[in-house]
Each structure stands twice: as structure tokens, then as C-alpha cells.
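Q: Please take a close look at one part of this model, a loop residue and its surroundings, and then set that part against the rest of the protein. I would like each term explained where it is used.

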Amino acid sequence: MPIVLEKVSESSGMTIKAENFRLRWPLRLQLEGVTVLTAPADTMATLRQASLEVMATPLLAMDVRAHGSLDDVLYKMGTPDSAIYLNARINSFNLAPASYNLRTGHVQISDATVNGADIDLIINPDDTQKADSVSEPLNMLIEAKKIALTNVHYRMKMQPTIDSIDAHIPSARLEDGLIDLANSKIDGRLLQVDSIDVCYMFPPATDSIAQDSAVIEPDSISKPWQINAGTLALSANKAVYAMTGATPQPGLDLNYIQVSDVYVRIDSFYNCGTTIKVPLTTLKASERSGVKLSADGTFEMDSSAMYARNFNIETIFSKIKLDAVMGLGNFSSPQGIPLTAKLDAKIGAHDIDLLYPSLKPVLEPLPTYNDIVLSADVSGTSEHLNINKLQVSLPECITLAANGSMSGISKPDNMNARVSLHGSITQPAPLKPLLAQLSPNMALSIPKMELNGMVLMNRGVINGNLQATTESGDIALDAMWNGRLTNYNLDLKANTFPINAFLPDAGLGHLTATATVNGHGFNPQQKSTHIDADVTIVELPFKQHTLKDVRMWARLNSGNADAGIVSFNTYADFDVTVSGNLDSLLYNLDIDGDIRRLDLKKLGLSETDNGGSLSMGGHVTMHPDKQNYDANIKITAVDWVLGNTELSTPEITTHFTSTDSTVTATIDNETLAARFDAA
């Protein structure tokens, strides 16, 4: 039959060769060693053996009914640098009785099996792509009772988004499938893929990937495809989703996600145009970090939004329930996009250890019998969000909550917000091991406490207040920050606030005090910077005594500085002031002090006698940029006891000067003159 192949080659423009061609009565065709080449020679198909039997009688009614098999099939299209390159090798293909009605375009497949396949697909960027006009739909209906795949190895590359996909598919089957080309419809009762191993590698992010690709508009609008699937089921031994070149880090690494023992089932899948419905019946997987996950819920999308409905996510130690809606569009548009979410979660400490092992040293002291409870309820848009509820708690220990509203979110300088803050520490004991770990060299503690506050934002101006109330006292803070003008103020009031409940070994008691700070800027070298700060300690038990009416202040205005401290307590009776000018290149400061009585032993700051009285005065010049310092200090009426030594002298004069390379110091009194030089 070589003449038959020659005629087919001439009519199709392809080169067709066969080592053996047999046609037996009535229509039994056997081929061996077949090669097919297209005219440009960029597409090739070969097969070792083919057997096909066609029923003769139905052909009279234009109905092709046949069954057969193909062995060792190779199909190659393009080259690795073509826009599309496909290289597929199939070990065997078996087709049970099937039919194709040439009049109606109706194809019926009872059973088809592909056993053993190796497929390579490369899709390269094509800048010359243009939209094709929409053609009339083909009047064809394809029905498949069963199609099975076994032992398939599939590889794919599609730059710049997919570095590689490598999948081994031991078994897959489609049952009761339908493709209606005339009505753009696909149906399937079951698509099941079993025990696959897949690795998806994506390239590192680059500017080229981030750029928006051009939108190709067709000449006319075609009817969208409608896809229905009764059941989609997939199981996987191992699946990897990772960035090329990434080294997996301990815990959950979003650049290297690896799961095993995967099972996914979706019932009643639907897609038509922009409308998608994915009812996830079951999702089970074990993540590389050690977390074993199960989930169910429904994902939906239409032309305006995406929806997550009744999602339940569980591990051995945690439970998460989520309902959410996110609109489609521009997040930063003036009206924003719709956003709503309701979240209730209980997160087990063991899951946090597995997912984020770097946090284990911090969280290890916390009790593992208590879950971290999260609850959120937000609604509105990406530009105006209502925080109906936002709460995190460690039950029977600590609770923190917020509610309010935010607008203008995409532009922080123009954002407005009003958020209330609430919190309580009902049982501090579980937090003590954590505090000990955070501060190993200083004892820290936390008492039972209530927290209440408010944050107000208005176009770059932030106002806030916070009040902490304990069983024995409270502290209140009001503050303002203007990011546009770098203005700020702070007002703090403490009423018998128990410092000893936070610093048990510091010797401090219940603080009653006030503090105010008003200012503009922070750089003291700039003339525009001004600061006005006052602190008054009304009462503070310290060691064996109580300090009262201690006042401290600091002023800076147009480079002129003034700061000081005044105390009229029995064992701390003194005042010290510093004043001068802070020029951008040179600081000139005058120091004046009068220590009428200071007894460090009585105050509990020294174990031995250390105290007395003196007066001081002097001048300090500093040139910070050149590291030049010069100080002249005169100390008079010195009467001091240090241990077993008594020092009494009418006057001590000191001089200190230094540059970036030398240091000189001198000290003079009635009986001593000393000089120290270093270079």
C-alpha cells in the first residue's frame, strides 16, 4: 500500500513513511515503523506499531466506529527555543470501541488507556503574540466513559513565571467526561489523580516579572467556557513549591514549601468566565515543618470579588475558622475594594514551635496547656476599614483587644483612624518564666492589670492615650506626634503606681509623679529644635526612705539650653543646673550646683558611709565634630565622708582638656597640685 501513503502525503503536504502497511478485510489496519513529518519539518510523529479496526457497516451512515492500539509513539513539535516546544513519548495507547459521527460531530469513547508516557513542554515568552479573531464554534460533542493514564512523567517550563514543573503520575482517570465545543461546555463526573510526586520551582522575583503584561483584547467576545466537575480527587506522596536555588530553612519557609501524604477532594466544581466555585470537601497534608493539616470550605470568585466561606483549618493542636470577602480591583483607589473577614482561631504553642522555631526560646516558658486565641471581625473597604473586633489572648492570663475604624489606608500621611485599645492581665504567673528569660540579669514581674487606651490619627497627626490600672494604683499617658511638622507632646501622670510590682529588686515603691514634654525636632544642633520637658516626683519610696517633691526640667530653644534638678529631701537636699548655648559647631555650657546634704548610705545606694556637702560651678566647652573638649570646674566648701576617710577643703579647682589625640587634666587645692597628660 505505499501508493496510499504517497497520496495522503501529497494531499496533506506532509511526509509519511511506514516500514509495514497492512489492510485486511473488512477494515483492519496494521502499521509498523511509521514516521510523519510536517512541511517545515518542525513537527514529527513516529510510532513502532499501530492496530486499528473499523466497523464497515456504520460507515455507510457516516459513523466511524473503531477500536485499536498504538505502541511506542513519539510526537515532537518545535525546538527548545521555539515559542512552544513539545516532546511526548507514549509507550502504549489502547482504545476500546469508540465512535465518531461525521454528520453530527458526536464522539463517544467507552474506554481509553495511556500506559507509560514521558512529556516535555517548554513555553517561551513570545513578544509577537497578537489576538486572534474569534471563529465560529466547532459543532462537536465528545463523550468519554473512561480515560485512564498510568505511569506518566510530565515536565514543563514557562518563563518568566515557572522555572520548572516535574510531575510523576502513577495513575489518573477521568470518568463520564463531556466536551461540548458548540456550547463551550465541559463536564466530568470524576477526575482522580493518585500518588503523584510533583515539584514546582519558581524563579526569584525580578522587575521583569513584576511588570504588568499587555492585555490582549480579542476582536469580538466569545462565549465563556462552562466547566462542571462532580468530583476532583488528588493524592500525592510529595509536593514541593519552591524558589529556584532556595535552601529550606527550619520551620515554615515560604520560599520552600514541601508537603507529603496529600489528599485533596473537591465536589461540584464550577467555572464559567470569571465565576469560580471550589467546594473543598477535604484537604489533608503534612508540611515539612512537621505540622499536619486538614481543611475544608468553599472558595468562590465572580467578576467583583473573591469569597472564602465556612473555611475550617485544623492541625493536631490548632483550629481556625474563616469567612472572608475581598473585592477585585485597585487596593489604593479612592473608594478601595470591599473587604470583610471573620476569624476565630486557637493556635497551639506546639504548632508555633514547628512553624517558627526561632520563637521557641521566647515562647517556651509560656504554658503549653493554654492555646493562643485569636478573634477578628473587620468590614468595609481597603480604604475605609471598620475594626469591629480584634482580639488576642492567652486564656486565664492575658487579653489584648482593639476596635475602631481606619480610612485613607493606602496613604499613611493622609490616614485617619480612631482605634480603642483594651487589655487585661488576670493571671500574671504564667508570664513570669518568660520575663525571667527576657531579662536574666534583672528581676522583672507583672501584676494584675487593666489597660485602656485610644489612638487617633488625622493626616499625619497621631494622638493617643493609655491608662494602666493595677490593684493599688494607675498610670496614664497622653501623647501627640505630628509627623509632618515633627511636633510632639507627652503628658504622663502616675498615681501610687506600683513600680515595685514591675521591678521587685529595685527598692522602689508606689510612684506618684507627673511628666510633660513638648517639642519640635530632635537634633539639638538645629536652631529650629525646641524642647520643653518637666518631671515632678511627688512621692517615691526608695529603699528605706521616701523621696518627695523632686523636680527635673530641660529646655532648648533656638540653641539656648537650660536643664536642672532640685530636691529638698532630708538625705537628698541639692540642686544642680546646666545652661548655655548648643551651636551646631560649638557647645558652651555653665554648670552650677549646691549639694547641701547627700547621704548615699542612708538612701541605700552605698553600703559604706558616703555623703556630705559641697558647692560647684564651672564652664564646659565642647566641639563634637572635632572631638575637642575643655572644662573648668571649681568645687568649694567640700565636707565629705567616704568610708573611714573625711575630706574637708575650702576649694578644689579642676581643668580638663582633650583633642582627638591628647588628654590633659589638672587638679589643685590647698595642699595638692597634680597634672595628668596622655597622648
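A: Contact here means that heavy atoms lie within 4.5 Å of each other. With neighbours within four places in sequence left aside, Phe-522 is in contact with Trp-481, Thr-486, Tyr-488 and Thr-529. The model is a predicted one, in which local features need pLDDT of at least 70 and side-chain atom pairs count only at pLDDT 80 or more, while totals for chains, interfaces and linings use all residues. Residues are numbered from 1 along each chain as its sequence is written, and side-chain values use heavy atoms, with hydrogens and water left out.

Phe-522 lies in the loop between β26 (510-520) and β27 (530-542), where strands are DSSP runs of E with at least two residues and helices are runs of H or I with at least four, numbered from the N terminus. Phe-522 counts as exposed because its relative accessibility is 53%; on this scale exposed means over 50% relative accessible area, buried under 20%, and partly exposed in between, for a 1.4 Å probe and protein chains only. Between Phe-522 and Asp-609, 87 residues apart in sequence, the C-alpha to C-alpha distance is 41 Å.

Next to consider is Ile-531, found in strand β27. Its relative accessibility is 26%, so Ile-531 counts as partly exposed. Tyr-488, named above as a contact of Phe-522, is touched by Ile-531 as well, and the other residues that Ile-531 touches, not counting those up to four places away in sequence, are Asn-518, Gly-519, Ala-554, Arg-555 and Leu-556. Asp-549 is 18 residues from Ile-531 along the chain, and their C-alpha atoms are separated by 22 Å.

Further along is Ser-558, in the loop between β28 (545-557) and β29 (560-569). Ser-558 has a phi of about 55°, a positive value although the residue is not a glycine, and a relative accessible area of 41% makes it partly exposed. Most residues other than glycine have a negative phi, and most peptide bonds are trans. Asn-151, in strand β8, likewise has a positive phi, near 55°. After β8 (141-158), in the loop that leads to β9 (162-180), comes Pro-160, which is joined to Gln-159 by a cis peptide bond with omega about 10°.

A buried site is offered by Ser-375 in strand β18 (residues 372-381), which counts as buried because its relative accessibility is 9%. The side chain of Ser-375 makes a polar contact of 3.1 Å with the side chain of Asp-344; a polar contact is a pair of N or O atoms within 3.5 Å, where within protein one must be able to donate a hydrogen and the other to accept it, and residues adjacent in sequence count only if both atoms are side-chain atoms.

As for the whole, the protein has 5 helices and 36 strands. Its radius of gyration is 41 Å, well over the 26 Å given for 679 residues by the globule rule, so the protein is more spread out than a compact globule; the radius is taken over C-alpha atoms, and the rule is 2.2 Å times the number of residues to the power 0.38. Along the principal axes, the C-alpha atoms fill a box of roughly 135 × 55 × 50 Å, and buried residues make up 30% of the 679 residues.
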